[in-house]
Amino acid sequence: MNTMSHKLLRIEDLVLHFKTRLGTVQAVDGVDFELDTNRAVVILGESGCGKSSLAKAILRLLPRNVQKYSGEVYLQGTDVMQFDEEQFRHNVRWAAISLVPQAAMNALNPVIKVGEQVAEPAIVHLGVKREAALNLARRMFQHVGVPEDFLERYPFELSGGMRQRVALAMALVTSPSLIVLDEPTSALDLLTQANIMNVLKRIKQELGTSFILITHDIATSSELADEVAIMYAGQIVEVGHARDFFPAPLHPYAQMLMASVPRLRSESDPMFITGQPPSLVNLPTGCRFKARCPFRFDKCEREPLMFGKNSRKVKCWLYE
Amino acid sequence: MITELRDLKMNTPKINEPQALLTIQDLRVWYELRRFGFGHAGYVKAVDGVSFALAEGETVAVVGESGCGKSSLMKTILGLNIPTSGEVVFDGENLSGLKGDGLQHYRFKVGYVQQDPYGALPPFMNVQKILEEPLIISGMKSREERLARIHKVMSEVKLHPVEDFLKKFPHMLSGGQQQRIVIARAMLREPKLIVADEPVSMLDASVRVEILKLLRALQESHGLSVIYITHDLSTVKYFSRRIFVMYAGSLIEKADTRQLLGNPLHPYTHALLAATSDPEARNAETFKEVPPGEPPSLVNPPTGCRFHPRCPRFMAGLCDVKFPPDLEPEPGHFVACWLYQ
Ligand SMILES: Nc1ncnc2c1ncn2[C@@H]1O[C@H](COP(=O)(O)OP(=O)(O)OP(=O)(O)O)[C@@H](O)[C@H]1O
Ligand SMILES: Nc1ncnc2c1ncn2[C@@H]1O[C@H](COP(=O)(O)OP(=O)(O)OP(=O)(O)O)[C@@H](O)[C@H]1O
Ligand code: SF4
Ligand code: SF4
Ligand SMILES: [Mg+2]
Ligand SMILES: [Mg+2]
């Protein structure tokens with residue numbers, strides 16, 4: 001693949017719709033963003049806004065009831081959407097981008113030793129011999145902070161936090177340049193969460209990996225974020241550098257979402273957003289946030305464009 | 001009596017607070033472990049020597065990690081678990097003396113809001129049925145009276161217009177609306193105490209605050225006592241006057257919310273506070289300090305202070321030998337740690 005001048009990942013107009021009895025679910029509906037090498041973007045949004053579907057769309061892990069799947073996904077300058085399944089499996093999934101799925105720690109095979117499970121992607125996707133793959137697994141255990149003798153253990157012998165580290169080690173074993181993490185800490189305790197965030201930071205430092213971190217836990221996401229993307233009803237409504245976004249979000253939804261986060265070290269009174277997100281089967285015309293937006297005006301009946309430049313963009317008419 | 005219990009030193013002072021609504025005295029909840037072919041194999045000491053008093057109209061948060069015994073403590077207060085030893089006195093009445101009708105009646109005085117609203121609501125009943133049933137059980141014969149009560153609690157939890165919700169089934173409601181129904185159900189029989197076990201942890205950020213504010217408004221308007229169980233320290237100060245921090249079956253620090261957040265004493269409390277993030281970009285630049293290891297087994301907990309294998313301030317020969325008593329280094333601020341002797 002291509003040279004240094006390209007972005008590690010650039011996504012343009014990515015669409016993933018599902019077919020259901022009730023109609024088309026527009027789970028991912030025209031998503032754009034880009035990511036450099038050794039950077040982390042967090043994708044924040046409420047339950048059901050399409051975060052896991054976005055992860056699936058990027059990795060082309062599609063269910064059977066796909067209605068529409070389109071757009072461009074450039075990996076170091078090459079549009080991998082043009083690849084056939086064979087090419088994609090060979091060059092992209094695991095080899096370049098790994099996924100730690102939602103609830104991965106509970107998805108480990110209960111009857112296979114965790115060391116074998118971590119080694120497997122290297123054997124299957126990189127064609128590494130079993131012995132060498134087990135050695136890789138051992139190295140990955142060191143990176144994620146699991147004692148080496150745990151290689152011989154079964155998942156039930158490990159705590160939740162240790163199992164989550166094993167799931168991470170599995171994603172790392174093929175040396176991908178990008179790891180997609182879907183809610184990696186939401187089922188874990190506070191101290192375990194802090195530990196896992198430390199591990200992710202360390203991997204980023206030591207291995208130069210990039211991350212897409214998908215979560216609804218805004219406070220914890222700030223532990224890894226270089227960039228923030230806010231997702232609402234299947235679309236990204238704001239993207240920007242974490243250092244610009246966290247102190248001053250721009251999109252009305254992002255502002256309200258940030259204001260709803262309780263803070264330990266501040267006296268501000270958290271707010272809440274009235275109403276609910278729209279159904280992805282029955283989307284309103286115009287701005288998808290308009291029913292809940294205190295700033296709505298006549299223009300909002302039309303779909304807003306992405307305004308702004310370079311690193312900071314907002315999908316809202318207020319910023320025209 | 002369980003033999004292991006006889007050897008325990010009961011070093012906690014008797015709590016004597018005349019206005020206390022709820023008094024817990026040296027409570028232990030141990031679950032027996034049985035191994036096939038071996039019979040008795042020890043106890044899970046889920047609650048091990050907990051004492052506190054809760055005044056009428058008071059709010060307290062119990063904070064601790066998974067498995068530390070929070071739910072076991074609450075289930076005992078709700079009369080669903082039988083204490084292994086110790087006392088639970090509610091409104092002047094000792095729970096251990098209550099049987100049958102008495103226990104049933106007691107449960108009416110305590111409302112329960114559980115963690116997973118969807119799991120808490122029977123899926124095949126509509127909202128009206130869900131709310132009517134407890135009233136029928138508690139002997140409210142007149143249908144009009146029942147409906148009036150249902151209307152009242154539903155408007156109190158702000159499910160307007162009430163008529164729109166009565167015929168809906170739980171799956172037709174959002175998570176926040178489901179949790180409102182659970183709260184309405186807890187309020188039905190005008191309880192004096194509400195136990196809310198992680199009431200917002202399954203909800204989205206934008207809804208969490210709304211539900212917590214609703215609970216607080218109800219607490220204030222009805223003068224309720226509330227025990228709020230959570231693992232999220234950042235929500236506590238919006239809700240509770242006092243905080244109890246729980247670790248491995250005991251309350252290791254008890255203080256006023258301001259006192260505890262402003263001047264945490266126990267090393268475990270320090271660790272919890274340090275691990276709690278506020279959403280700020282600079283967090284990504286540093287590593288967090290996290291104590292090594294994991295919470296201990298409650299079957300064979302560490303000797304002495306249960307936090308000692310993980311504690312950065314561990315003092316050999318003391319912390320690993322003697323269980324630290326409740327000390328009171330500043331008035332009203334209790335901590336079970338030898339540093340404050
Ligand atoms: N295979 C599918 N067929 C039909 N609808 C689907 C399918 N997968 C997801 N959906 C729907 O698409 C929407 C987005 O789902 P998705 O899982 O991407 O949300 P999410 O943001 O990850 O939510 P959560 O935070 O709860 O994990 C939801 O309404 C969901 O019900
Ligand atoms: N009925 C039971 N029989 C045996 N052990 C039990 C029983 N109920 C709970 N335990 C054990 O007691 C300990 C405390 O459990 P409890 O549910 O009280 O913790 P918790 O603090 O509420 O945890 P969480 O935050 O995960 O809800 C755990 O080790 C648990 O496995
Ligand atoms: S486009 Fe209009 S309705 Fe949408 S967020 Fe902006 S101001 Fe609000
Ligand atoms: S008693 Fe000792 S081991 Fe326990 S918390 Fe205090 S200093 Fe640490
Ligand atoms: Mg998801
Ligand atoms: Mg519990």
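**Ligand 2 and the chain B–chain A contact**

Ligand 2 is surrounded by Y31(B), V44(B), A46(B), E65(B), S66(B), G67(B), C68(B), G69(B), K70(B), S71(B), S72(B) and L298(B) (each with a heavy atom within 4 Å of the ligand). The model is predicted, with pLDDT of at least 70 needed for local features and 80 or more for side-chain atom pairs, while totals for chains, interfaces and linings use all residues. Residues are numbered from 1 along each chain, chains are lettered from A and ligands numbered from 1 in the order written, and side-chain values use heavy atoms without hydrogens or water.

**Exercise 1.** Find N or O atoms of chain B at short listed distances from oxygen atoms of ligand 2.

*Solution.* Start with the backbone: an N or O atom of G69(B) lies 3.0 Å from a ligand oxygen. Next, take the side chains: a polar atom of K70(B) is 2.8 Å from an oxygen of ligand 2, and an N or O atom of S72(B) is 2.6 Å from one. Finally, the cover: ligand 2 alone has 640 Å² of accessible area, of which the protein covers 59% (Shrake-Rupley, 1.4 Å probe).

**Exercise 2.** Describe the contact of chain B and chain A.

*Solution.* Count residues first: 39 come from chain B and 43 from chain A (heavy atoms within 4.5 Å). Then take the area: about 3,700 Å² is buried, 55% of it on carbon and sulfur atoms (accessible area lost by both parts together, 1.4 Å probe). Last, the charged pairs: four salt bridges cross the interface (Lys or Arg side-chain nitrogen within 4 Å of an Asp or Glu carboxyl oxygen). R258(B) and E267(A) form a salt bridge at 3.3 Å, N to O.

Definitions and conventions: Buried area = accessible area lost by both parts, 1.4 Å probe. Polar contact = N/O pair within 3.5 Å; in protein donor to acceptor, adjacent residues only side chain to side chain.
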